[in-house]
Amino acid sequence: MSSSSNFYVDDNGKLHNHKHVINPASGCPVEEFTSVSVKTTSPVQSEILSTAALVSSNKSIMKLKEKLDGVEIIKINYQSGTPELQVF
């Protein structure tokens, strides 16, 4: 299992964008406060997929999951202040 995110939480519980994950399609940092966790039988595959899913649309994540057996993906968007959980 691997998790990727683009934010950190300070000592006061406030979210801050870390801006270290770059979307290769746009060349810009991922702005949404999002985390993605991926479970597979391969730790290397999990690491690659968690970062790829972080920069992907939900539609792209669904297509990816359809092509891979035994992959579990959870995406949490914290942008609105209330976490929105999506399981793929």
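**Close-up 1. Two serines meet through their side chains.** In this predicted model, a polar contact of 2.8 Å links the side chain of Ser50 to that of Ser4. Ser50 sits in helix H1, which covers residues 43–54. With a relative accessibility of 0%, Ser50 falls under the 20% cut-off, so this serine counts as buried. What else does Ser50 contact, once neighbours within four places in sequence are left aside? The list is Ser2, Ser3, Ser4, Val36 and Val38. Keep Ser2, Ser4, Val36 and Val38 in mind, since they turn up again in the next view.

**Close-up 2. Strand S6 has a partner on either side.** Start with strand S1 (residues 2–5), which runs antiparallel to S6 and is joined to S6 by four bridges. Zoom in on the bridge partners: Ser2 goes with Val38 of S6, and Ser4 goes with Val36 of S6. Now look at strand S7 (residues 72–77), which pairs with S6 over six bridges, again in the antiparallel sense. Here Val38 turns up once more, standing opposite Ile73 of S7. How many of the six residues in S6 are buried? Five are, so you can think of S6 as mostly covered.

**Close-up 3. Four strands make an open sheet with a helix lying across it.** Read the strands in order and you get S1-S6-S7-S8, with antiparallel pairing. Which strands are at the edges? They are S1 and strand S8 (84–87), and each of them pairs on one side only. From one strand to the next, the twist averages 15 degrees. As a general rule, the strands of a sheet pair through backbone hydrogen bonds, and the pairing can be parallel or antiparallel. Helix H1 lies across S1, S6 and S7, and H1 runs at about 150 degrees to S6.

**Close-up 4. Eleven residues build the largest nonpolar core.** The members are Val21, Val30, Val36, Val38, Leu49, Ala53, Leu54, Ile61, Val71, Ile73 and Phe88. S6 and H1 each bring at least two residues to this core, and H1 gives the most, with three. Pick out Leu49 and see what it touches: not counting residues up to four places away in sequence, the contacts of Leu49 are Val38, Thr40, Leu64, Leu68 and Val71. Among these, Val38 and Val71 are listed as members of the core too. In soluble globular proteins, nonpolar side chains tend to be buried together.

**Close-up 5. Two phenylalanine rings meet edge-to-face.** There are two aromatic pairs in the structure, and this view shows the one made by Phe7 and Phe33. The ring centres of Phe7 and Phe33 are 6.2 Å apart and the planes sit at 85 degrees; that angle is over 60, so the pair is edge-to-face. Where do the two residues lie? Phe7 belongs to strand S2 (residues 7–9), while Phe33 is in the loop between strand S5 (28–29) and strand S6 (34–39), so the pair ties together parts that are 26 residues apart in sequence. Are these two rings on buried or exposed residues? Phe7 has 16% relative accessibility and counts as buried, and Phe33, at 17%, counts as buried as well. Finally, add Tyr78 to the picture: Phe7, Phe33 and Tyr78 form one aromatic cluster.

Notes. Residues are numbered from 1 along each chain as its sequence is written. This is a predicted model: local features need pLDDT of at least 70, side-chain atom pairs count only at pLDDT 80 or more; totals for chains, interfaces and linings use all residues. Side-chain values use heavy atoms; hydrogens and water are left out. Rings of Phe, Tyr and Trp (its six-membered ring) pair if their centres lie within 6.5 Å; planes under 30 degrees apart count as stacked, over 60 as edge-to-face and the rest as tilted. Buried means under 20% relative accessible area, exposed over 50%, partly exposed in between (1.4 Å probe, protein chains only). Two strands pair if DSSP finds at least two bridges between them. A polar contact is a pair of N or O atoms within 3.5 Å; within protein, one must be able to donate a hydrogen and the other to accept it, and residues adjacent in sequence count only if both atoms are side-chain atoms. Contact means heavy atoms within 4.5 Å. Axes are lines fitted to C-alpha atoms, for helices over the stretch in contact, and angles run from 0 to 180 degrees between N-to-C directions. A nonpolar core is a set of buried Ala, Val, Leu, Ile, Met, Phe, Trp, Tyr and Cys residues joined through side-chain atoms within 4.5 Å.
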